[in-house]
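Subject: Structure handover

Hello,

Here is the structure I promised to pass on. Please open it alongside this note.

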Amino acid sequence: PVMLLELLFQAACVSLFIPGGQGRVYPGRKKPPSFAVERRRLGPHVCFSGFGSGCCPGWMLSPGSGQCTLPLCPFGCGNGLCIAPNLCSCPDGEQGITCPEPAGTCGEYGCDLSCNHGGCQEVARVCPLGFSMVETSNGIRCSDTDECLATPCQHRCKNSIGSYRCSCRPGYHLHGNRHSCVDVNECRRPGERRACQHSCHNIPGSFQCSCRPGYRLSGDRVSC
C-alpha cells in the first residue's frame, strides 16, 4: 500500500508539468522574466529581492548612466581613486581601503575633514591646551601660549610650556582653585610659634603686635 501511494503521488506531480496533463492550469499568468535577462536590462551589479531590484552592496547609481557602476569607499580615498567597493588606488601606487594623507599639509598635528552642505575641506586639527596655532613659512605650527598675559593669577604668574603657575606674596597662601590668594592669619599659630610676645592683631598680608600696660614694643616689633 505504501509503494502504491508513492507511485500515485509521483504520477500526479508529473501530470502538472507534462503538456496536456491533468494538472491545474492558471490562465493569464505571465512567466516571470529570468534574473539574467533582468540584470542585462538594468546593467551590472544589480541585486534582486522580494521587494524588487537595486544596486548590490558596495555599489551605487552612476549619475551619467543610471546604472550601478559607481563603487563605494566609505573611508574615503583622499587624493586616490575608488576603483572597487572598499578599494582605493592611491597616488603612490598602493591599494587599500583608504589612502594616507600627504604629510605636512596641515602642520605637525595633521588634518581633519570639515564638511557642510557646500562641500568638504581639510582643516588643521586643534592644538593641545596651552598652545595656539601660528602660521609659519613651514606651515601651521602649535606655539606655546603665555597665559600670564591674560592675568589669570591674583598675585604672581609664571608661564611654563603649555601651562602656567600662580604664586602669592608673603603673608598669603594659594587657594585651592590655584588662582586666588588667601590672607595668612599669623596670630593663630600654636603657642610656641606665636607671632607676638603679648598681643597679636592680624592685618591683610601681615600682623601687628602690641604689649600689655607697663611694657613697650621693642625694635623687632614682636617682643615687649
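Below is what was found in it, from the whole chain down to single residues.

**Confidence first**

Please keep in mind that this is a predicted model. The mean pLDDT of the protein is 75. Of its residues, 67% reach 70 or more. Two stretches need care. Residues 1-5 stay under 50 in pLDDT. The model gives residues 1-5 zero contacts beyond four places in sequence. Residues 11-31 are also below 50. That stretch has five contacts in the model beyond near neighbours in sequence. Where pLDDT is low, the predicted coordinates should not be read in detail.

**The whole protein**

The protein has 224 residues, and 17% of them are buried. It holds two helices and 17 strands. Take the contacts with a separation of 6 or more: residues 24 or more positions apart account for 12% of them. The protein exposes about 17100 Å². Carbon and sulfur atoms supply 57% of that area.

**The annotated span**

The UniProt record, an unreviewed entry, carries the annotation "domain: EGF-like" over residues 144-182. In the model, that span is 0% helix and 41% strand. Its end C-alpha atoms lie 29 Å apart.

Cys157 belongs to strand β12, residues 156-160. Is Cys157 buried, partly exposed or exposed? Cys157 counts as partly exposed, because its relative accessibility is 30%, and the partly exposed class runs between 20% and 50%. Leaving out residues up to four places away in sequence, Cys157 touches Cys148, Pro152, Tyr164 and Arg165. Glu147 is ten residues from Cys157 in sequence. The C-alpha atoms of Cys157 and Glu147 are 8.6 Å apart.

**The loop between β15 and β16**

This loop runs between β15 (181-183) and β16 (199-203). Val184 and Glu186 are worth a look here. Val184 lies in this loop, and so does Glu186.

Val184 is partly exposed, at a relative accessible area of 27%. Beyond its neighbours within four places in sequence, Val184 is in contact with Gly171, Tyr172, His173 and Asn202. Asn202 is 18 residues away from Val184 in sequence. In space, Val184 and Asn202 are 8.6 Å apart, C-alpha to C-alpha.

What about Glu186: buried or exposed? Glu186 counts as buried, because its relative accessibility is 5% and the cut-off for buried is under 20%. Which residues does Glu186 touch, not counting those up to four places away in sequence? They are Gly171, Ala195, Asn202, Gly205, Ser206 and Phe207. Gly171 and Asn202 are also among the contacts of Val184.

Now follow Glu186 to Ser206. Ser206 is found in strand β17, which covers residues 206-210. At 29% relative accessibility, Ser206 is partly exposed. Ser206 touches Asp183 and Glu186, with residues up to four places away left out. Ser206 and Asn185 are 21 residues apart in sequence. Their C-alpha atoms are 7.8 Å apart in space.

**A nonpolar surface patch**

Met60, Leu70 and Leu72 form a nonpolar patch on the surface. Together they have about 220 Å² of accessible area. Leu72 sits in the loop between β4 (70-71) and β5 (81-84). Leu72 is partly exposed, with a relative accessible area of 34%.

**Two positive phi angles**

His45 and Arg221 should be checked on your screen. His45 has a phi near 60°, a positive value in a residue other than glycine. His45 is in the loop between α2 (35-42) and β1 (46-49). His45 is partly exposed, with a relative accessible area of 30%.

Arg221 is not a glycine either, and its phi is positive at about 65°. Where is Arg221 placed? Arg221 is in the segment after β17 (206-210). Arg221 counts as exposed, because its relative accessibility is 55% and exposed means over 50%.

**Where to start**

Begin with Glu186, which is buried and touches Ser206. Then turn to Cys157 in β12. Leave residues 11-31 for last, with their pLDDT below 50.

Best wishes

Note on methods. Residues numbered from 1 in each chain as written. Predicted model: local features only at pLDDT ≥ 70, side-chain atom pairs only at ≥ 80, totals over all residues. Heavy atoms only, no water. Helix = DSSP H or I, 4+ residues; strand = E, 2+ residues; numbered from the N terminus. Buried < 20%, exposed > 50% of the residue type's maximum accessible area, 1.4 Å probe, protein only. Contact = heavy atoms within 4.5 Å. pLDDT = per-residue confidence, 0-100. Patch = residues over 30% accessible without salt bridge, like charges linked within 9 Å, V, L, I, M, F, W, Y side chains within 5 Å. Areas by Shrake-Rupley, 256 points an atom, 1.4 Å probe, with all protein chains shown as cover. Salt bridge = Lys/Arg side-chain N within 4 Å of Asp/Glu carboxyl O. UniProt positions renumbered as here; feature names shortened; annotations may be inferred.
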